[in-house]
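Biologist: I would like a close look at one part of this chain, with its surroundings described afterwards. Please keep to what can be computed from the coordinates or read from the record.

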Amino acid sequence: MSVLTNNLDLFLRAFGQTLQLFAISGVLSLLLGTLLAALRVSPVPVFRAVGAAYVTVLRNTPLTLVFVFFLFGYPLLEIVKIEPYTAAVVALSLYTAAFVCEVVRSGINTVPVGQAEASRALGLTFVQMLGNVVLPQALRSVVPPMTSTMIALLKNTTVASGFAVFQAGTIRDSLSEQGENVLLGLLWVAIGFVILVMPLTYVQQTFEKRWSVAR
């Protein structure tokens, strides 16, 4: 317990940075992932190909390599200089968006084809049909897998610790420098992540119950 109490400020600051990194990356990945899902079900072949290529490349590339590119490869292009924290946000967002895309696309596939046909018969465009008819129904069915994706993103933030980004994953190094018990410190880090995951699980269960009644 002394490891936690003696370094409470360190734990609070580190987990605060983790939450910030998770929140920003989560919002960006949800937006980009939904857009990619729209491309993947688009009636335009080129858009479908772009969406499929993005998902194929990002899903099959280790997250560490995505970090390496944005922290060491991208600066060599000398386009826009980005800080390690910004690079971490970009890497996590782009990587997670590929998984969000597939989750949303699976939800879109659960919507009966007749819904789309009826929308077209009413004169709705593809964007109108997707935004007003298909996505509202699709998102109800993807709450569990989407929550799992967000939980994975939360845990993936620790990868940033290997690239000089301060967050929960760097607590071990700080404790080691101070001569603290690193094993106990890591145990508290694990407990911290469990505490952070619990609200996500609660939100998932709440939405599942609410939308199951709505159906």
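Does Asn-7 count as buried or exposed at its relative accessibility? Please start there and then work outward through the rest of the chain.

Modeller: The model is a predicted one. Asn-7 has a relative accessibility of 5% and counts as buried, because the limit for that class is under 20%. Asn-7 sits in the loop between helix 1 (2-6) and helix 2. Once its neighbours within four places in sequence are set aside, Asn-7 is in contact with Leu-175, Gln-178 and Glu-180. One of these partners, Glu-180, is 173 residues away from Asn-7 along the chain, yet the two C-alpha atoms are separated by 9.4 Å.

For the chain as a whole, contacts can be sorted by separation in sequence. Among those with a separation of 6 or more, 80% are accounted for by residues 24 or more positions apart. The secondary structure comes to ten helices and zero strands, and the pattern along the sequence reads α-α-α-α-α-α-α-α-α-α. The C-alpha trace spans about 70 × 50 × 25 Å along its principal axes. Of the 215 residues, 38% count as buried. The chain exposes about 11900 Å², and carbon and sulfur atoms supply 66% of that area.

After the loop that holds Asn-7 comes helix 2, which covers residues 8-40. A salt bridge in helix 2 joins Arg-13 to Asp-9, with the closest N and O atoms 3.0 Å apart. The two residues are four apart in helix 2, so about one helical turn separates them. Arg-13 is partly exposed, at 43% relative accessibility. Further along helix 2 is Ser-29, which counts as buried because its relative accessibility is 0%. Leaving aside neighbours within four places in sequence, the contacts of Ser-29 are Ser-93, Thr-96, Ala-97, Val-100, Met-150 and Leu-153.

The UniProt record, an unreviewed entry, gives some context for these helices. It places the feature "domain: ABC transmembrane type-1" at residues 15-204. In the model that span is 79% helix and 0% strand, with its end C-alpha atoms 22 Å apart. The same record annotates residues 20-39, 51-73, 85-108 and 182-203 as "transmembrane region". Residues 20-39 are 100% helix and 0% strand, and their end C-alpha atoms lie 29 Å apart. Residues 85-108 are also 100% helix and 0% strand, and their end C-alpha atoms are 34 Å apart.

Helix 5 covers residues 84-110. The count of aromatic pairs in the structure comes to three. One of them is formed by Tyr-95 and Phe-99, with 5.2 Å between centres and 55° between planes, and it is classed as tilted. Tyr-95 and Phe-99 are four residues apart in helix 5, so they are separated by about one helical turn. Their exposure classes can be given as well. Tyr-95 counts as buried, because its relative accessibility is 13%, and Phe-99 counts as partly exposed, because its value is 26%.

Helix 5 also takes part in the salt bridges, of which a search of the whole structure finds four. The side chains of Glu-102 and Arg-59 meet in one of them, at 3.7 Å from N to O. That pair links distant parts of the chain: Glu-102 is in helix 5 and Arg-59 in helix 3, 43 residues apart. Glu-102 is buried at 15% relative accessibility, whereas Arg-59 is partly exposed at 41%. Glu-102 forms a salt bridge with Arg-105 too, where the closest N and O atoms are 2.9 Å apart. Glu-102 and Arg-105 are three residues apart in helix 5, so here as well the separation is about one helical turn. Arg-105 is partly exposed, with a relative accessible area of 24%. Through salt bridges that share partners, Arg-40, Arg-59, Glu-102 and Arg-105 are joined into one network.

Helix 3, which holds Arg-59, covers residues 45-59 and also contains Phe-47. The relative accessible area of Phe-47 is 41%, so Phe-47 is partly exposed. Together with Val-44, Val-46 and Val-50, Phe-47 makes a nonpolar surface patch of about 330 Å².

Note on methods
Residues are numbered from 1 along each chain as its sequence is written. Side-chain values use heavy atoms; hydrogens and water are left out. Patches are made of residues with over 30% relative accessible area and no salt bridge: like charges are joined within 9 Å, nonpolar side chains (Val, Leu, Ile, Met, Phe, Trp, Tyr) within 5 Å. Accessible areas come from the Shrake-Rupley method with a 1.4 Å probe; for residues, only the protein chains shown count as cover. Buried means under 20% relative accessible area, exposed over 50%, partly exposed in between (1.4 Å probe, protein chains only). UniProt positions are given in the numbering used here, feature names are shortened, and annotations may be inferred rather than shown by experiment. Rings of Phe, Tyr and Trp (its six-membered ring) pair if their centres lie within 6.5 Å; planes under 30 degrees apart count as stacked, over 60 as edge-to-face and the rest as tilted. Contact means heavy atoms within 4.5 Å.
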